[in-house]
Amino acid sequence: MLIKLRPLPPAARKRVYRVGITGGIGSGKSTFTTALRRLGKVVADADRIAREIVGPGEPALAQIEHRFGAAVIAPDGQLNRARLAEIVFNNPAARADLNAITHPLIHERAQALMANAPGRYAFYDAPVLIESGGVNNVDAVVVITAPLEKRRAWVQQKRGLSREKFDARVRAQLSDQERLDHAHIEVRNNATASKLREDAHRLTELLDTHLEIADQTV
């Protein structure tokens, strides 16, 4: 179910309209953004970009090594993700330092991908869109929500994550209400995957109409 929470912000006439998409673990965000891609829309994926920017030769990798030491670099020159995770998991200061290195670069690359999109609008799929400040780099925000039990069951089935680990992940994230405080549109995933894909199509129709009207009035 697609719900408009507040009016969509106005669009700049000669710039791609940027729509951020976020949601908690197991909310259905990946299903939703996959549907958008199948509709031919550009979706900048923060998780994918995060992996790309720490590849060998990338500036972020050098910054991470400088901050956390050579132990976080594997013998083949790749980032030793397990070692880095051990360092930052229970160390808020270290995690903040890592985020200060990676988040601006992720947002910058996402902006470039959206700016070069062939259509009138593009999407930014970011699990921590709000926490990372990415919300300041988009024009509108879409939040995917789902009942907690549905999310827990899906994650346990698809990822094999225990109830305890799932609940810990949820506690570490923003609540749905905290996300919705920033949202223009809520996509309420309380039915089937097919219905969620239909909502993706409805979102594109809503954006098409919004931008068509905006372009006629600017």
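In which sense do strands S5 and S6 pair, and over how many bridges? Strand S5 (residues 140-145) and S6 pair in the parallel sense, over four bridges. The model is predicted: local features need pLDDT of at least 70, side-chain atom pairs count only at pLDDT 80 or more, and totals for chains, interfaces and linings use all residues. Residues are numbered from 1 along each chain as its sequence is written, and side-chain values use heavy atoms, with hydrogens and water left out.

**Sheet**
- An open sheet of six strands follows the order S1-S6-S5-S2-S4-S3 with mixed pairing; strands pair if DSSP finds at least two bridges between them.
- S1 and strand S3 (43-45) stand at the edges with a single partner strand each, so one side of each lacks a neighbour in the sheet.
- On average, neighbouring strands are turned by 25° against each other, direction ignored.

**Strand S6 and its partners**
- Strand S1 (residues 2-4) runs antiparallel to strand S6 (residues 185-188), and three bridges join them.
- Lysine 4 is opposite isoleucine 185 in S6, while valine 143 is opposite glutamate 186 in S6.

**Helices across the sheet**
- Helices (H or I, at least four residues) and strands (E, at least two) are DSSP runs, numbered from the N terminus.
- Helix H1 (residues 29-38) lies across strand S2 (17-23), S3, strand S4 (121-125), S5 and S6, at about 150° to S2.
- Helix H5 (residues 92-115) lies across S2, S3 and S4, running at about 155° to S4.
- Angles run from 0 to 180 degrees between N-to-C directions of axes, which are lines fitted to C-alpha atoms, for helices over the stretch in contact (heavy atoms within 4.5 Å).
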